[in-house]
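User: I'd like to go through this model piece by piece, in plain questions and answers. Let's get it on screen.

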Amino acid sequence: MSTQVCFGLRDAKSSDFIEIEGYPLDKEILPFYNKLKETLARDGFRLRLESAYRPFERQLSIWNRKAAGELKLLDAAGNPMERPRDEERLMYAILTWSALPGASRHHLGTDLDVVDGNACPEGYEVQLTPAECDGMFAPFHQRLTELMASGESFGFERVFVPGRGKIQPEKWHIAHLPTSRKYLEDFSLAELRKLYEKTDIACKSALLDNLESLAKDFIYPYFV
């Protein structure tokens, strides 16, 4: 595997991927995704994708638009917050809910953001917030928790959980761990630094100055 796999530089139209519900995902996880979907359907839930493979350019766009104030910044409780003027404070504010470009688990193609399609009101735009997880999607996430606890989730687990690193818990983010691990083996922080140095990324100075400590808090804890 190339180190670049973890940077989201694979072409989403390559033979590595298959498109499901408009989202590309690594084709190796498709059988396990289908089994999980079928299991949840028997309980009255409709597993629906909100995100899957995300190329580097997409994550970079999210990062830069949040830095510029074009996308909302949310605090740890999921509420809108003011945009910090200090570059380092702004970097950490973005990291509350957005992964570092080039180090997002969505670059792997094995990680999915999911909701219960049956619980969505008509025309509702999913936000992927804690309030949704504790509200309209609470029964869905409870069932997912039960399946994971009993070993019946076909390799899918949550990686952003309380007590692990500094990324806020995300119940909606599930990962097929057996497949993702082989990609994570090739990650290189030195290569990520080189990528940032040649990329027009917001908060570049703060990122490069703090990259090692950022990796300890926001990258490596999620290599599970």
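User: What relative accessible area does F154 have?

Analyst: This is a predicted model: local features need pLDDT of at least 70, side-chain atom pairs count only at pLDDT 80 or more, and totals for chains, interfaces and linings use all residues. Residues are numbered from 1 along each chain as its sequence is written, and side-chain values use heavy atoms, leaving out hydrogens and water. With a 1.4 Å probe and protein chains only, buried means under 20% relative accessible area, exposed over 50%, and partly exposed in between. F154 counts as partly exposed because its relative accessible area is 29%.

User: Where does F154 sit?

Analyst: Its backbone is a bit odd: F154 isn't a glycine, yet it has a positive phi of about 60°. Elements here are DSSP runs numbered from the N terminus, with helices being H or I of at least four residues and strands E of at least two. By that naming, F154 is in the loop between α5 and β5.

User: C203 has a positive phi too; is C203 buried or exposed?

Analyst: C203 has a phi near 65°, again in a residue other than glycine. Its spot is the loop between α7 (189-197) and α8 (204-209). The relative accessibility of C203 is 7%, so it is buried.

User: Which residues does D26 contact, its neighbours within four places in sequence aside?

Analyst: D26 is part of strand β2 (residues 23-26), and with 2% relative accessibility it's therefore buried. Contact here means heavy atoms within 4.5 Å. With those sequence neighbours set aside, the list for D26 reads R10, D16, F17, L108, G109, T110 and Y183.

User: Which residue's backbone nitrogen does the D26 side chain reach?

Analyst: The yardstick is the polar contact, a pair of N or O atoms within 3.5 Å; within protein, one must be able to donate a hydrogen and the other to accept it, and residues adjacent in sequence count only if both atoms are side-chain atoms. For the D26 side chain, the distance is 2.9 Å, and the backbone nitrogen belongs to E28.

User: How many residues of strand β4 are buried?

Analyst: Take the two sides of β4 in turn: D111, D113 and V115 point one way, L112, V114 and D116 the other, and all are buried. For β4 (residues 111-116), the count is therefore, by the under-20% rule, 6 of 6.

User: In β6, what's the bridge partner of D113?

Analyst: Two strands pair if DSSP finds at least two bridges between them. β4 runs antiparallel to β6 (residues 173-176), joined by 3 bridges, and L112 stands opposite I174 in β6. The bridge partner of D113 is H173.

User: And which residue in β6 partners E157?

Analyst: β5 (residues 156-158) and β6 are antiparallel as well, with 3 bridges. Both faces of β6 are covered, with H173 and A175 on one side and I174 and H176 on the other, all buried. The bridge partner of E157 is A175.

User: Which element gives the most to the lining of the largest pocket?

Analyst: On a 1 Å grid over the protein atoms alone, a pocket is an open set of points with protein on both sides within 12 Å along at least five of seven lines, a cavity is a set where a 1.4 Å probe fits but cannot get out, and lining residues have an atom within 4 Å of a point. The largest pocket has 31 lining residues, with R54, I62, K66, Q127 and L128 nearest its centre. β3 (47-51) and α2 (56-68) each supply at least two of the lining residues. The top contributor, with 5 residues, is α2.

User: What's the volume of the second largest pocket?

Analyst: Among the 15 lining residues, C133, P162, P169, E170 and K171 lie nearest the centre. α4 (130-134) and α5 (138-149) each give two or more residues to this lining. A volume is the space filled by probe spheres set on the grid points, which are joined across faces, edges and corners. For the second largest pocket that comes to about 190 Å³.

User: How many nonpolar residues are in the lining of the largest cavity?

Analyst: The residues lining the largest cavity include A99, F160, I167 and F218. Ala, Val, Leu, Ile, Met, Phe, Trp, Tyr, Cys and Pro count as nonpolar, Asp, Glu, Lys and Arg as charged, and the others, Gly among them, as polar. The lining has 1 polar residue and 1 charged, while the nonpolar count is 8.
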